[in-house]
Amino acid sequence: MKNHKNQAGRVETRSVGRGIRAVGVLERVINSISVIVAWATVVPIALFSILQILDRKLKLGVSSVLPDMSTSLLFVMIFMLFGFTYLRDGHVRVDVFHRHWSSRTQAKIELIGCLLILLPLSAVLGFYGWEGLMRTTKFADADVWLARSAGMFGPILLGLSGVVVIVRNISFLRGTYDLVTPLEQTGSTAP
Amino acid sequence: MIEIVTVGMLLVMAGGVFSGFPVALVLTGSGILGFFAAVMMGLTDFQHLGLFYLRLRGTLTNEGIQFTSVPLLILLGMVLNGSGIASTIFHTLGHMLRGVRGRYAIATLLVGLILAPAAGVIGASVITVALVAYHPMLNAGYSPRTAGGAVAASGALGVIFPPAIMLFFIATFFRLRLSVVYMSMIVPVLLLVVMFSVYFICTISAKDSEGSVAEGTEKPQYFSMIIALAVIASIPWSIVSGIATLSEAAGVGVFGALFLVAVRGQLSLTMLHNAVMQTGTLTAMVFFIVVGATVFSLSFHLVGGPGVLFDWITGFDLNRWETLGLLLGLVFILGFVFDWMEILLVFLPIFLPVFQQLDFVDHVGSAYAATVWLGALVALTLQSSFLTPPFGYALFFAKMTAPASVSLADIYRGAIPLVLLEIVLLVLVVVFPALVIWLPQMSLNLAQLAL
């Protein structure tokens with residue numbers, strides 16, 4: 001079975017250590033950026049699609065620009081929201097076995113996955129994103145700049161989301177945090 | 001050596017996926033491991049990892065594929081979901097069908113079609129149907145098994161009905177025109193609805209045909225229902241008639257749905273915020289799988305994996321019908337565990353060489369029509385898989401909001417006859433390709449299209 005759900009519930013901590021407080025701030029930063037990005041990409045993509053149709057009648061001359069803009073905005077949305085989606089447990093999991101395992105086992109899997117896959121992946125994507133940004137010339141269009149910037153900052157947000165999950169799951173395994181992240185939490189600032 | 005790396009990649013991927021870690025991350029991780037294996041085998045250079053990134057960026061920003069339609073269809077689904085239109089349509093249809101035995105079960109199926117745009121991506125759309133449909137069905141005296149089966153079937157039907165997102169990916173994978181894929185699915189899905197409806201009419205003995213509206217239920221709202229239907233239908237219609245692209249049509253659909261919500265007095269900032277954020281996260285979820293699938297597929301091709309699988313399958317010396325059966329069987333079984341996204345983006349590309357050597361031109365009519373037929377068979381197989389106990393995802397969604405009187409076992413028992421009907425339809429489509437081909441042939445002059 002596939003798991004698409006974000007479970008309801010509130011993050012509660014038994015003893016809030018400094019690390020937990022720090023990742024709490026980090027999560028709020030990631031959430032705030034993601035809310036801005038979601039609105040700044042979803043709404044324009046919808047508006048541009050309408051403008052595209054209107055342009056055929058009104059000859060506004062934007063038909064050649066809008067598809068590029070929409071595609072770049074989609075790239076920004078995808079890359080910038082990977083981390084936020086992970087923190088909200090929005091990525092598909094195959095939980096045929098997983099859901100029968102103990103919370104401690106789930107926390108260990110999440111920890112190992114973050115250390116072995118998520119952090120190296122965000123480093124690789126971030127590195128090539130940085131390279132791509134450095135190769136962007138000043139003559140490039142604004143939407144190219146936006147997409148290339150997201151190519152670098154998105155993986156950083158993904159990596160930071162991994163850090164939030166790592167710190168919380170280490171705390172969970174040490175008994176100082178109550179929930180397996182991101183499985184048993186929902187972002188407190190999430191809609 | 002190539003065989004070892006191929007098996008190794010598949011095993012690492014399977015192990016990671018079944019660990020419960022997000023599939024997209026596992027795919028990317030095993031893809032990068034595969035790349036390192038290819039470097040060690042001397043098949044590529046480490047510097048070429050950058051080419052993977054460029055390919056990835058190129059895929060995501062390829063305007064030819066119209067990926068921008070995905071968030072718009074999701075947004076449309078979210079707005080419709082938040083509008084409560086499912087409930088209105090359910091009760092309006094229930095009212096229209098008074099006198100028909102099993103009317104609530106039939107209404108449940110039809111609501112599933114209305115929620116098609118984002119079905120299979122927004123799990124909540126099935127839950128919405130479940131929330132709306134269970135109580136009227138149970139109050140009308142339907143057995144828990146019938147009610148559970150109807151809700152699950154409703155959740156699975158929308159996945160393959162235009163303008164479902166999955167059909168967009170089927171068209172992309174098989175390099176077919178979206179309009180053709182849309183048209184090809186209409187007859188099979190409507191046939192399925194008729195078969196399910198006849199089954200319900202024949203098996204439901206409850207006296208729900210007196211037309212009494214239970215206290216607290218909605219009054220029929222024909223105006224809202226017609227607008228909602230117009231919004232949804234306008235998307236495939238504008239694509240088939242060639243007046244708009246999918247992105248444009250979906251954009252118009254979003255604003256049509258917002259108009260509907262405003263007319264119903266349910267437009268609020270909270271609802272919009274929720275829809276925008278869910279659209280963002282669901283889009284990221286879908287495309288993270290695209291990222292993972294791209295990286296995995298590139299590495300898998302690099303180490304020669306598809307060739308190995310091709311040799312294995314052709315080694316069985318199967319004829320084309322047996323090969324088709326094997327492929328569809330694999331898709332069916334994979335559908336128990338994986339979403340259509342992983343199957344279409346990861347597994348089908350792996351088996352693409354096998355698909356490409358299947359020649360059914362003499363059976364279907366032309367190479368293009370044969371590919372449309374194959375695409376429809378894959379879609380129908382996936383849909384059947386989603387409804388098949390014990391793993392079908394629609395069954396679990398149907399259970400999530402079921403009243404205590406409806407157990408998972410009830411839903412399983414309710415789904416089994418429906419799955420059997422699906423298999424009957426699948427066999428019919430295999431034997432009579434016209435069921436899939438006729439409508440696009442009539443409207444789009446299929447004979448002149450080339451792959």
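Where is B:Pro390 found? B:Pro390 sits in the loop between α19 and α20 (393-400) of chain B. Helices here are DSSP runs of H or I with at least four residues, strands are runs of E with at least two, and both are numbered from the N terminus.

## Before you start

This is a predicted model, where local features need pLDDT of at least 70, side-chain atom pairs count only at pLDDT 80 or more, and totals for chains, interfaces and linings use all residues. Residues are numbered from 1 along each chain as its sequence is written, chains are lettered from A and ligands numbered from 1 in the order in which they are written, and side-chain values use heavy atoms, with hydrogens and water left out.

## Odd spots in the backbone

Back to that loop: a cis peptide bond joins B:Pro389 and B:Pro390, with omega at about 5 degrees. Another cis bond links B:Pro162 and B:Pro163, and its omega is about 0 degrees. B:Pro163 belongs to the loop between α8 (144-157) and α9 of chain B.

Then there's B:Gln66, with a positive phi near 55 degrees even though the residue isn't glycine. You'll find B:Gln66 in the loop between α3 and α4 (69-83) of chain B. For background, most residues other than glycine have a negative phi, and most peptide bonds are trans.

## Where the chains meet

Chain A puts 59 residues in contact with 63 residues of chain B, contact meaning heavy atoms within 4.5 Å. About 5300 Å² is buried between chain A and chain B, and carbon and sulfur atoms give 77% of that. Buried area is the accessible area (1.4 Å probe) that two parts lose on being put together, summed over both.

On the side of chain A that touches chain B, the elements giving two or more residues are α1 (18-58), α2 (66-87), β2 (93-94), α3 and α4 (142-173) of chain A. The residues of that side split into 36 nonpolar, 14 polar and nine charged. Here Ala, Val, Leu, Ile, Met, Phe, Trp, Tyr, Cys and Pro count as nonpolar, Asp, Glu, Lys and Arg as charged, and the others, Gly among them, as polar.

## Salt bridges

How many salt bridges are there between chain A and chain B? The count is zero, while the structure holds six over all chains. A salt bridge is a side-chain nitrogen of Lys or Arg within 4 Å of a carboxyl oxygen of Asp or Glu.

One salt bridge pairs A:Glu110 with A:Arg93, their closest N and O atoms being 3.0 Å apart. This pair ties distant parts of the chain together: A:Glu110 is in helix α3 and A:Arg93 in strand β2 of chain A, 17 residues apart.

## Empty space

Searching the whole structure turns up five cavities of 30 Å³ or more, and the largest has a volume of about 100 Å³. On a 1 Å grid over the protein atoms alone, a cavity is a set of points where a 1.4 Å probe fits but cannot get out, and a pocket is an open set with protein on both sides within 12 Å along at least five of seven lines; lining residues have an atom within 4 Å of a point. Grid points are joined across faces, edges and corners, and a volume is the space filled by probe spheres set on the points. The lining of the largest cavity includes A:Leu121, A:Tyr128, B:Phe52 and B:Val295; by class, this lining has 11 nonpolar, one polar and no charged residues.

The largest pocket has a volume of about 1100 Å³. Of its 32 lining residues, B:Thr172, B:Phe173, B:Arg175, B:Pro349 and B:Leu352 lie nearest its centre. α13(B) gives the most to that lining, with six residues.
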